[in-house]
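Subject: Structure handover

Hello,

Here is the structure I said I would pass on. Please open it first; my notes on what was found follow below.

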Amino acid sequence: VSHLYLSPVAEAVPGSTHGYDVTDPLRLRHELGGASGFSRLTDACRDAGLRLLIDVVPNHVAAHEANPWWWDVLRRGAASPYALVLDVDWSSTDPLLLPVLGDHYGRELEAGHLALERRNGPGGVAVVRAFERTFPLRPETEGALLAAVARAVDDDVLGVAARLLARSESSGGDAAEREADLAVAQRTVQSRLADPRVVGALDAELDAIGSDPERLDLVLTHQHYRLARWTIGDAELGYRRFFDVDALAATRMDNPETFELLHRLPVELTADDVVDGLRIDHVDGLADPTAYLRLLREHVGPDTWLLVEKIVRADEPLPPWPVAGTTGYEVADLLGRWLTDPAGARVMREGWVTRTGEARGYEEVALDARRAVLAGGFAADLDRTVAALQAVCAGRRRHRDHSRAELHAAVVEFAVATPQYRTYVVVASDAEESATAGERDLAVIARTLDRARAAAGPDTDPELMDFLAGILSGRYAGEAEARFVTRFQQLTGPLAAKGEEDTALYRWLPLPHRCEVGADPSLATLTGDDWHESCALAQREWPERMTTLSTHDTKRSADARARLAALTATAAETLDAFDRWWRAVCDPSDGGVDPGTAWLVFHALVA
């Protein structure tokens, strides 16, 4: 054991049990002991001969009130200095949809579940409360509130501050001056709130608005965000998320300022020789992983142990990135296959088909699951991708007459058919530049085209499918083309994860220990010679990749998977045991659970 591997150490949502919901990447997390606690930990590790590997989260931050960047974006919209930190298309998203309500907005409003409250501290003088959540008011709204308060208490200074707040959102003038005006106004307001008369008048104004649904509705509909029922987020959300998690807003890592903000702490820790290695979370979510990793390597130097969380298929090489390798899911996959008895695997597969009636292969189940996920949790992501393709077609006369429905169908078929998490094509935004597309990516896109054509049927325009493949291969340059390729590549990775890892692997379960992150469960076994050959290949190409068996993402721990693999050596007895258990616990007359679920539960209990 060489390293202690830590989940993210930066400030996160209060009470977070994992730390991937970062709220302040510049500070060590207070709840874990802060800087002094981290120093004690590093001293203890050094005394024990251990080095530190920490998790870095470049793809997303918490969409939470504890995140000052998120709060400022909600408060000031596209004018916020942090607006380009988050992956929001401000040209089509204003206000920003927040699917946080339990019921329809109008019903929640009329039921009195939405209110205005005074806020003490930076980031505004009042907030919108929706149950346990709070949201900011834009400066213009606060200016109107405080102007009324100033008139009520005859406070001219507060009146001037109120006008500065309202003026800070105007589009004219110098941006730096507006920032300065906003800062002065906020300091002035805070000083005037020391007067009990001002506080009383502000509370009275907030209560008056909050008790009148019509006035409160006018305030809420004037904000840079729109509170909405939680169910519409998947279809209409205006910001890219981490997978389908509304509470994790994706970042724009292609923005240099975003990179600097999110990496200042890990770069400092590696420079001070406190941390030996960095594990980069969800690298496939970034717009250009290759450029990102090259920049990160420049910042942390050649000696930092740099690892990427990356799923590679059985026939997929890791791109030539400046890293030591992956976090090792492929090691666990190969071991799982090596430990599986070939004859027993066949018996278990036949037993699964007989007992569940599920005779389809894994690929067919996975494709159906991908389609379901794309139509459900990723509908908004799909819509943004289709809109980006529509912009491409609008500028090309041979394709501008394709309907949105046609483009939607084509993107669906291509996304579902992509045989790996994503490609890494970088399209030039300028026609004078050339695209970056490796031979591997071009082969994957060609394979995707063949599969998509076969699934699309005869009504799909074959020229559109060829055009789509050409764009994804980098044969067409331009800003719209570059945006579409990025959107598509950021869609297929989460689609593979949610469609397969979190859906298909719970539907197709002949060998539950093979239904694991990074694994293809249809590849059940591996010979000893193949296992040794894979180890030799890794030693030649990635000798310092991580060797891992269990992580926070694996479906089952290594020991549970090993026990289930061992059952394949006594497959007939295992099937007999399942049948006896199933008869004992299931009464067919009451419906019960389905045999597939019972199969999963049985194996979990045995493991």
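**The parallel sheet**

Strands β13 and β14 are joined by four bridges and run in the parallel sense. Within this pairing, Leu278 sits opposite Leu306 of β14. Between the two strands the chain passes through helix α11 (residues 289-300), and the resulting β-α-β crossover is right-handed. Before going further, please note that this is a predicted model.

Strand β14 covers residues 305-308, and its side chains alternate: Trp305 and Leu307 point one way, Leu306 and Val308 the other. All four of these residues are buried. On to the next strand: β14 also pairs with β15, again in the parallel sense, this time over two bridges. There, Val308 stands opposite Thr326 in β15.

These strands belong to an open sheet of five, in the order β1-β4-β13-β14-β15, with parallel pairing. The edge positions are taken by β1 (3-6) and β15 (325-326); each has a single partner strand, so one side of each lacks a neighbour in the sheet. For β1 that partner is β4 (residues 51-56), which runs parallel to β1 and is joined to it by four bridges. One position to look at is Tyr5, whose bridge partner in β4 is Leu53.

Helix α10 (residues 256-271) packs on the sheet and touches β4 and β13 (277-280). The direction of α10 makes about 165 degrees with that of β4.

**Aromatic residues**

The count of aromatic pairs comes to 17. Two of them are described here.

Trp69 and Tyr82 form a stacked pair, with 5.6 Å from centre to centre and 15 degrees between the planes. Trp69 lies in helix α2 (residues 68-76), while Tyr82 is in the loop between α2 and β6 (96-101), so the pair links parts of the chain that are 13 residues apart. The two partners can be told apart by accessibility: Trp69 is buried, with a relative accessible area of 6%, whereas Tyr82, at 26%, counts as partly exposed.

The other pair is Trp352 with Trp599. Their ring centres are 5.7 Å apart and their planes stand at 75 degrees, so this pair is edge-to-face. Trp352 is in helix α13 (residues 342-356) and Trp599 in helix α23 (residues 595-606), so the contact ties together parts that are 247 residues apart in sequence. Both Trp352 and Trp599 are buried. They also belong to one aromatic cluster, together with Phe578, Trp581, Trp582 and Phe602.

**Cysteines**

How many disulfides does the structure hold? The number is zero. For context, a disulfide is a covalent bond between the sulfur atoms of two cysteines. Among the cysteines, Cys393 has 3% relative accessibility and therefore counts as buried, the limit being under 20%. Cys515 is buried as well, with a relative accessible area of 1%.

**Backbone points in loops**

Two aspartates have a positive phi. Asp154 has a phi of about 55 degrees although it is not a glycine. Asp154 is placed in the loop between α4 (139-153) and α5 (156-167), and is exposed, with a relative accessible area of 64%.

Asp273 has a phi near 60 degrees, also a positive value in a residue other than glycine. Where is Asp273 placed? It is in the loop between α10 and β13. Is Asp273 buried, exposed or partly exposed? With 46% relative accessibility, Asp273 counts as partly exposed.

**One distance**

Ala175 is found in helix α6 (residues 175-192) and is partly exposed, with a relative accessible area of 42%. From Ala175 to Ala497 the separation is 322 residues in sequence and 42 Å in space, taken C-alpha to C-alpha.

Regards

Terms used:
Residues numbered from 1 in each chain as written. Predicted model: local features only at pLDDT ≥ 70, side-chain atom pairs only at ≥ 80, totals over all residues. Heavy atoms only, no water. Pairing = 2+ DSSP bridges. Contact = heavy atoms within 4.5 Å. Axes fitted to C-alpha atoms, helices over the stretch in contact; angles between N-to-C directions. Disulfide = S-S within 2.5 Å. Buried < 20%, exposed > 50% of the residue type's maximum accessible area, 1.4 Å probe, protein only. Right-handed = clockwise from strand over helix to strand, strands pointing away. Phe/Tyr/Trp six-rings, centres within 6.5 Å; stacked < 30°, edge-to-face > 60°.
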